[in-house]
Amino acid sequence: MLKDMSREELDNFAESIINGQKLSDDNIRDLLNIEDDEILEKLYSIARSIRNHYFGNKVFLYSFVYFSTYCKNNCAFCYYHCKNDINRYRLTPDEIEKVCEALKGDPIHMVDLTMGEDPYYHNHPERLVEVVRRVKEILGLPIMISPGVVEDKVLEELRRNGANFLALYQETYDPALFARLRVGQSFEKRVNCRNYARKAGMCIEDGILTEVEPDKESTFKSLKGLEKSDPDMVRVMTFVPQEGTPFGKMVPGSSKSELKIIAILRLMFPNRLIPASLDLEGIDGMVHRLNAGANVVTSIIPSGSSLEGVVNYDRNLAKRDRDVHSVIKRLESMGMEPAKQEDFNMILSR
Ligand code: SF4
């Protein structure tokens, strides 16, 4: 559909999306089928025009604190699944406080507190609530919590104690693929948990994996599922085979599919938060993702930190170049800059 469009026609297309036009199912399928690099560039330029209309050159920055890598689940794609024989850690309350002290004064808009479904917290959710309360007390920043599926009353307590965002990725809205990815877990419980978090006054993040789908129709189902989920922040991440997992021997895909889907998400969710994660390809990868229409940088960690990411492109690298100052330097070289905290707070309250 973009193949023969002139610059003016591309601008008009962006304009029509800004004016409320929705992509039809045929449009979404056509966009998913684009493979030609020149046409993809056109798609990215539309996505950037739409993003710039809503956010200008401003980007939001999230710091990532993976405070427990224990998990009771066995997601087939995940390095931290319970049967993988790896070194794990669970930060003590003191260690979490130290991480927060180190983050004080960093120009970040939100702290993302992530853990696996660690029984230490899941069987005693009051411990999780206390972590949120302390982090809020120390940093006073918005908090995103990624605890996995938790009960309604836990969500209420998390909200009451300072959690602003729940991140809970469906990974796919293709039920057959869900069963292969999130082995033994309930599709509906994940959906219901996000829905309840919204009811409890939190913003929600949903997301999908790519390069693991059996075909384009599966990806299409996921995009339609995200449309229904209607999250405040919407993510796609490339599946990366992880050692010691059932999917560990799969052939890794490129980031092309992720970039294309980021751009399609920008067309489907014009004014939403769409992340460029540092966790897959570091700061160079961030640039490509922002150029495809993203407007948030996630997985920022303090320099010298030994905390884990989720995919960890840099697990074996001597230098982990994903601290906030390196990110800002690169943003500036792209003509972009961090947004004001008030702008982020406004998004949280809308
Ligand atoms: S994706 Fe999350 S819930 Fe699944 S195994 Fe990994 S850490 Fe656990």
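**Strands, helices and cores in a predicted model**

Q: How do you know that S2 and strand S3 (residues 143-146) pair, and in which sense?
A: S2 and S3 are joined by four bridges in the parallel sense, and two strands count as paired if DSSP finds at least two bridges between them, so the four bridges satisfy the rule. One facing couple here is Asp112 and Met144 in S3. Strands (E, at least two residues) and helices (H or I, at least four) are DSSP runs numbered from the N terminus. This is a predicted model, in which local features need pLDDT of at least 70 and side-chain atom pairs count only at pLDDT 80 or more, while totals for chains, interfaces and linings use all residues. Residues are numbered from 1 along each chain as its sequence is written, and side-chain values use heavy atoms, with hydrogens and water left out.

Q: What makes strand S2 (residues 110-115) mostly covered?
A: Six of the six residues in S2 are buried, where buried means under 20% relative accessible area, exposed means over 50%, and partly exposed lies in between (1.4 Å probe, protein chains only). Both faces take part, since Met110, Asp112 and Thr114 are buried on one side, and Val111, Leu113 and Met115 on the other.

Q: Why is the connection from S1 through helix H4 (residues 93-103) to S2 called a crossover, and which hand does it have?
A: The chain leaves S1, passes through H4 and arrives at S2, which makes a β-α-β crossover, and this crossover is right-handed. That name applies if, with the strands pointing away from the viewer, the path from the first strand over the helix to the second runs clockwise. Strand S1 (residues 58-68) and S2 run parallel and are joined by six bridges, and Phe64 stands opposite Asp112 in S2.

Q: How do you know which strands pair with S5?
A: Strand S4 (residues 163-167) shares three bridges with S5 in the parallel sense, with Glu205 in S5 as the bridge partner of Ala167. On the pairing with strand S6 (residues 233-238), S5 has six bridges, also parallel, and there Leu209 stands opposite Met237. The chain goes from S5 through H10 to S6 in a right-handed β-α-β crossover.

Q: Why is Leu348 called buried or exposed?
A: Leu348 has 17% relative accessibility, and therefore counts as buried. The residue lies in helix H14 (residues 341-348). Contact means heavy atoms within 4.5 Å, and, leaving aside neighbours within four places in sequence, Leu348 is in contact with Pro142, Asn164, Phe165 and Cys203. The C-alpha atoms of Leu348 and Phe165 are 8.3 Å apart, although 183 residues separate the two along the chain.

Q: What makes a set of residues a nonpolar core?
A: A nonpolar core is a set of buried Ala, Val, Leu, Ile, Met, Phe, Trp, Tyr and Cys residues joined through side-chain atoms within 4.5 Å. The largest such core has 107 residues, and those with the most contacts inside it are Leu61, Leu113, Leu223, Leu267 and Met286. Helix H11 (residues 256-268) gives the most to this core, with eight residues. A second, separate core of 15 residues includes Tyr62, Met110, Val296 and Phe344.

Q: How do you know which residues of H10 and H11 meet?
A: Lys216, Thr219, Leu223, Leu226 and Glu227 in H10 meet Lys260, Ile261, Ile264, Leu265 and Met268 in H11.
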